[in-house]
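Work through the following exercises with the sequence and the model side by side, and try each task before reading its solution.

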Amino acid sequence: MDSDLFYFCAVVMDTSYVVKFIYSGEAATVPLLHNWSFLDLCNSIRSRFPDLIQGKFMLRYIIPPDSTSCFLESEVDMRMIFRNLVRYNSDFVEVFVTDLPSSSESVVSNTVCEDSSTMLEENDYLGCYRVEAPKSYMTKGWESYIHSEGQKFEGGVVEFRDKLRKYAIEIGFSYEFVRNDKVRVIAQCSKKHSQGCNWLVKAHLCRANGFFMIKMLVNVHTCHGVIRLQKSKMMGSKVVKSIVLDKIRANPNKKAIDIADEIKSDYGLDVAYRTVWYGTELAKTALHGDEVESYAQLLWFSESVMKSNPDSRIAIEFHQETHRFQRMFVTYGAWMKGFQSCRPILFIDATFITNKYKGQIIAASAKDANQGLYPVAYAIVDSENESNWRFFLEVLAEEFSKHPMRRVTFISDRHVGLVSAFPRVFPNNPHGFCFRHLMANLSDKFPAGSYLKDRIPYLFMCCAYSRTPEMYQFNMEILRSEGGDIVAQFLEDLPKENWCMAYFNGEKFGEMTNNLAESFNNWVLPLKSLPILDINDGIRVKSMASIAARKQDAQEWLSELCPAIEKKLKENLEVGRHWRVSRSDTYVYEVHCQKYNSMVNLETRFCSCGEWQLYSFPCSHALVVIQQHGSSLYLYVNELYKVEKY
């Protein structure tokens, strides 16, 4: 016998050990005999805690001073307890007993038998290679789709064919049709000729109720190799269509590659990408109709909208020679009416359509009183060019002429076609360029990793947010000196009236970016892969639901201002709580800040910092003065920010 093993056995035999069982807040201490097996330990635990059920508990142990908790599941673990007792020079071990959930399999039940000391623990030795529990796939019910003569299918021949194919996939065989029409279907195993398989099904139409019924079924295979495989010849696009309908209904933009992965995971089937793609297209057609037919229904859609919403406008244009769809413009009477209660700013942009015939959606959106997205008009066109932009803007201008419209400010991403068409349609309306896009374009002109790639956009931002001409000139000199010829060329065809606060000649409400247009793009994202009729109707339904939600939300608000504006008002109030105020005239005050002083005129709603005029919302200086003046803060907040307008 090896000397180390002899020493270990000797120590174990000469040492008295104690084990403490702990279960549900109760404890019991018993001697731990050196010849105990794992079964003996479990029996001792059950004798101390009679409520324990065999196979419904698990064990872990700790040997002080080591606080690490170890599994106690087998005879190997039992031997390790004695080894660790010697290793830590300890004579005490704590065993924690916990109940297993009713749905779980007990580790103990795999290792302990009531009437035998045989240890069935092979899987415990495999570690990360242990056998996984079998997964239940969503095809499990398919094996019962075809079961007996006289079985009826209320969906007729379509339902019968679908269930027959799924049954064959799950059982693991393929079949061929002897006869296959709307009245009668006869199918036999594909190995009928090669191996003489007897499997056969005959079904026919019951004319009285339209059901399909199995007349004859020989449901026994006498061929070889009937086993469910991951790849099946019977897994065609029609089966894919039937199992992805709900997925496409929930997410029309779901990609075929993702669906293939889900079929593999949920159904345990390998399906070719082309089969999945075609099945997905069949599902889309079943849900939303044919895309060609969708264009033919646009005139019906237009007539229906005009009957139910007479103040709306839908303009559809077709190619004169081919009579094919060219473009359409849509706005609803409710949209135009609601825009009167929004700030007079429109954010315009275009986003791609991803259905079979592609195209783009041009949209004009506003911000409601709570800073939310409010659609005003959109157009569906083949591309984003000057002709289509002009079409959209001209119809929009016609609609504006029908309503008592304020001077509207437009903000865009400065697309070439839009920049060319805009002054021809709206020559007197301010047009702001999205500062974020301008800054990104400027940054791209400098190499990656260079100091100027971040420095120059920052200096450009200082120029854009300059509130006075003097501040603009100061910042511009720094920008030009550091940016050199690249900046000079960039600014050459970029009028400062379109992007700088100090020179912008319209009401901008502090808006410097076209981010709201991106919000519209995300809003219509689930619709962009649908046929054109469903895109239009989807926008209508989403807008209707959004307006209803606004009305419901507003009824629960208690403040005079919308929540987002109320929050901003409180934030501005907090900034100047410690400032001192001196009165100069009835409505004129001077605010003494830490670094500078500001002059505020309540009568003209003016602050020398420029923020009140540029944002059309009281700045921190103005709010301090309004409180000093003894007036209500809400009197000086634009009506377009109030719940009444929302």
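The exercises below concern a predicted model, and each task is followed by a worked solution.

**Exercise 1.** Locate Glu384, and decide what surrounds this residue and how far away the nearest side chain of opposite charge is.

*Solution.* Begin with the position in the chain: Glu384 lies in the loop that runs between β15 (373–381) and α12 (386–401). Next, look at its surroundings, where, leaving aside neighbours within four places in sequence, Glu384 is in contact with Ala350, Gln360, Trp389 and His415. Finally, consider charge: Glu384 is buried yet has no salt bridge, and the nearest side chain of opposite charge, that of Lys528, is 11 Å away. A salt bridge would need a nitrogen within 4 Å of a carboxyl oxygen.

**Exercise 2.** Find out which residues of helix α17 (residues 515–523) are buried, and on which side of α17 they lie.

*Solution.* First list the buried residues of helix α17, which are Leu516, Ala517, Phe520, Asn521 and Trp523. They cover an arc of only 160 degrees around the axis, and therefore they sit on the same side of α17. The last step is to ask what they meet: the buried residues of α17 pack against β13 (345–352), β14 (360–367), β15 and α18 (532–556).

**Exercise 3.** Compare the salt bridge of Glu482 with that of Arg540, and state where the partners lie in the chain.

*Solution.* A search of the whole structure finds 25 salt bridges. In one of them Glu482 pairs with Arg455, with the closest N and O atoms 3.0 Å apart. This pair links distant parts of the chain, since Glu482 belongs to helix α16 (residues 469–492) and Arg455 to helix α15 (residues 451–464), 27 residues apart. Turning to Arg540, its salt bridge is with Asp537, and here the closest N and O atoms are 2.8 Å apart. Because Arg540 and Asp537 are three residues apart in helix α18, about one helical turn separates them. As for accessibility, Arg540 is partly exposed, with a relative accessible area of 29%, and Asp537 is also partly exposed, at 30%.

**Exercise 4.** Identify the residues of the nonpolar surface patch, and determine which helix gives the most to the patch.

*Solution.* The patch on the surface is formed by Ile257, Tyr273, Trp277 and Tyr278, which together have about 440 Å² of accessible area. Helix α8 (residues 273–288) gives the most to this patch, with three residues. Taking one member more closely, Trp277 is found in helix α8 and is partly exposed, with a relative accessible area of 39%.

Methods:
Residues are numbered from 1 along each chain as its sequence is written. This is a predicted model: local features need pLDDT of at least 70, side-chain atom pairs count only at pLDDT 80 or more; totals for chains, interfaces and linings use all residues. Side-chain values use heavy atoms; hydrogens and water are left out. Helices (H or I, at least four residues) and strands (E, at least two) are DSSP runs, numbered from the N terminus. Buried means under 20% relative accessible area, exposed over 50%, partly exposed in between (1.4 Å probe, protein chains only). Lys and Arg count as positive and Asp and Glu as negative; His and the chain ends are not counted. Contact means heavy atoms within 4.5 Å. Patches are made of residues with over 30% relative accessible area and no salt bridge: like charges are joined within 9 Å, nonpolar side chains (Val, Leu, Ile, Met, Phe, Trp, Tyr) within 5 Å. Accessible areas come from the Shrake-Rupley method with a 1.4 Å probe; for residues, only the protein chains shown count as cover. The arc is that of the directions from the helix axis to the C-beta atoms.
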